[in-house]
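Take a walk through this model, one strand at a time. Keep the sequence and the coordinates open side by side.

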Amino acid sequence: MSIIRYRPSLSDTPVFPRLSTGPNRIARMMEDVFGTELPEGLGWHPPVDVVEKEKELVLTMELPGMSLEDLEIDIGDNLLTVKGEKRMEEEKKEANYRLVERSFGAFERSFTLPRIVDAAAIKANYDNGILRIHMPKTAQAVGRKLEIGRG
């Protein structure tokens, strides 16, 4: 599966930049300084875990504060795509925000399905801000145990 690497902006880097890691730190700094913008939909990437179990792969995506109606999952051309938009709560006139660390906006994450996944049997569930996509392995990928006879 393809995984999109998180790229923090310059404002996310530590006060002591030499302590931060990452091969693209200078490129990110140049983008921030010269105002290069990321294409729409690339500004926020919810974190993802992919776990391989005996009979399936399970993709878990954290989407706190999002409703099921704000999500869309597409499967086609050997690609699994999750799209959505996290909206900021309505601004309250009496509130004076001093710090906002939560991310908002549209996102799109795509993952190449490995050959071992049975795309027709993929199922998803969403509960308490956690999206789980269960991708069963094909019968050939799961295999079978062979009994060894005596004599």
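**Strand β7 and its neighbours**

In this predicted model, strand β7 covers residues 130–136, and its side chains alternate between two faces. Leu131, Ile133 and Met135 point to one face and are buried. Ile130, Arg132, His134 and Pro136 point to the other face and are not buried.

Now look at what lies beside β7. Strand β2, residues 56–62, runs antiparallel to β7, and 7 bridges join the two. One place to check the register is Met61: its bridge partner in β7 is Leu131. Leu131 is one of the buried side chains of β7.

Strand β6, residues 123–127, also pairs with β7. The sense is again antiparallel, with 5 bridges. Here Asn125 stands opposite Arg132 of β7. Arg132 belongs to the face that is not buried. β6 and β7 form a hairpin, with 2 residues between the strands. Asn128 sits in that turn and has a positive phi of about 50°.

Go back to β2 and pick out Thr60, which lies in this strand. Is Thr60 buried or exposed? Its relative accessible area is 18%, and the cut-off for buried is under 20%, so Thr60 counts as buried. What does Thr60 touch, leaving out residues up to four places away in sequence? Its contacts are Pro47, Val48, Asp49, Ile130, Leu131 and Arg132. Ile130, Leu131 and Arg132 are residues of β7.

Finish with the rings. A search of the whole structure finds 0 aromatic pairs. Phe104 does have a charge over its ring: the charged end of Lys86 sits there, 5.5 Å from the ring centre.

Methods: Residues numbered from 1 in each chain as written. Predicted model: local features only at pLDDT ≥ 70, side-chain atom pairs only at ≥ 80, totals over all residues. Heavy atoms only, no water. Buried < 20%, exposed > 50% of the residue type's maximum accessible area, 1.4 Å probe, protein only. Helix = DSSP H or I, 4+ residues; strand = E, 2+ residues; numbered from the N terminus. Pairing = 2+ DSSP bridges. Contact = heavy atoms within 4.5 Å. Phe/Tyr/Trp six-rings, centres within 6.5 Å; stacked < 30°, edge-to-face > 60°. Lys NZ or Arg CZ within 6 Å of the ring centre and 35° of its normal.
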